[in-house]
Amino acid sequence: MRSSALKEKITDLYEGDSIAAHRFRYVLLGCDIVTILFLIVATFFYGSRTTEIIDAVFGLYIAVDYAARLWIARKKSAFLINPLNIADAVVIISFLAPLLGANFAFLRALRVLR
């Protein structure tokens, strides 16, 4: 698939009005709800290896979502300075930071803003 065709397909999924686009956004909403529930439950299992692995999975999911939205953004600079997108970037860092030995778990709660 050519890059422009892929970009068009992703744009349609994020911004379109088709049934597939609506389903896609409901899946994203479901993933966001699962992420928030995980944030709540993970507070009881702070520091476990399993929690760190799940953190990384959620971090990668959010990073891929962020990268896709950045790629299809018409105005990249406006996207990057949008407070919700800045919050997403901070959340991505907080989810992936344990892989580097740092812990910014308290910042993950910013995902709720999204």
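What mean pLDDT does the protein have, and what share of the residues score at least 70? In this predicted model, the pLDDT of the protein averages 85, and 85% of the residues reach a score of at least 70. Among the elements of the protein, the lowest mean pLDDT, 87, belongs to helix α5, which covers residues 83–96, whereas the highest, 96, belongs to helix α4, which covers residues 76–81. Where pLDDT is low, the predicted coordinates should not be read in detail.

The secondary structure of the protein consists of five helices and zero strands, and the order of the elements, read from the N terminus, is α-α-α-α-α. Of the 114 residues in the protein, 31% are buried, and the accessible surface amounts to about 7,400 Å², with carbon and sulfur atoms contributing 72% of that area. When the contacts with a separation of 6 or more are considered, 57% of them join residues that lie 24 or more positions apart.

Two packed helices are described by the angle between their axes and the distance between the axes. For helix α1 (residues 3–15) and helix α2 (residues 19–42), the angle is about 70° and the axes are 7 Å apart; since angles of 65 to 115 degrees count as roughly perpendicular, α1 and α2 are therefore roughly perpendicular to each other. On the α1 side this contact is formed by Asp12, Leu13, Tyr14 and Glu15, and on the α2 side by Ala20, Ala21, Phe24, Arg25 and Leu28. By class, these residues comprise six nonpolar and three charged, with no polar residue in the contact of α1 with α2.

Helix α1 also packs against helix α3 (residues 49–72), the two axes coming within 10 Å and crossing at roughly 110°, so that α1 is roughly perpendicular to α3. Here the α1 residues Ser3, Leu6, Lys7, Ile10, Thr11, Tyr14 and Glu15 meet Asp65, Ala68, Arg69, Trp71 and Ile72 of α3. The contact of α1 with α3 contains six nonpolar, two polar and four charged residues. Tyr14 and Glu15 are listed among the α1 residues that meet α2 and also among those that meet α3.

Two residues, one in helix α4 and one in helix α2, may be described individually. Phe79 is located in helix α4 and, because its relative accessibility is 10%, is classed as buried. Apart from neighbours within four places in sequence, the residues in contact with Phe79 are Tyr66, Arg69, Leu70, Ala73 and Asn85. One of these contact partners, Arg69, lies ten residues from Phe79 along the chain, and the C-alpha atoms of the two residues are separated by 8.5 Å. Arg69 is also one of the α3 residues that α1 meets.

Leu39, in turn, has its place in helix α2 and is buried, its relative accessible area being 10%. Between Leu39 and Thr51, which are twelve residues apart in sequence, the C-alpha to C-alpha distance is 9.8 Å.

Note on methods. Residues are numbered from 1 along each chain as its sequence is written. This is a predicted model: local features need pLDDT of at least 70, side-chain atom pairs count only at pLDDT 80 or more; totals for chains, interfaces and linings use all residues. Side-chain values use heavy atoms; hydrogens and water are left out. Axes are lines fitted to C-alpha atoms, for helices over the stretch in contact, and angles run from 0 to 180 degrees between N-to-C directions. Helices (H or I, at least four residues) and strands (E, at least two) are DSSP runs, numbered from the N terminus. Angles under 35 degrees count as roughly parallel, over 145 as roughly antiparallel, 65 to 115 as roughly perpendicular and the rest as oblique. Contact means heavy atoms within 4.5 Å. Ala, Val, Leu, Ile, Met, Phe, Trp, Tyr, Cys and Pro count as nonpolar, Asp, Glu, Lys and Arg as charged, and the others, Gly among them, as polar. Buried means under 20% relative accessible area, exposed over 50%, partly exposed in between (1.4 Å probe, protein chains only). Accessible areas come from the Shrake-Rupley method with a 1.4 Å probe; for residues, only the protein chains shown count as cover. pLDDT is the predictor's confidence in each residue, from 0 to 100.
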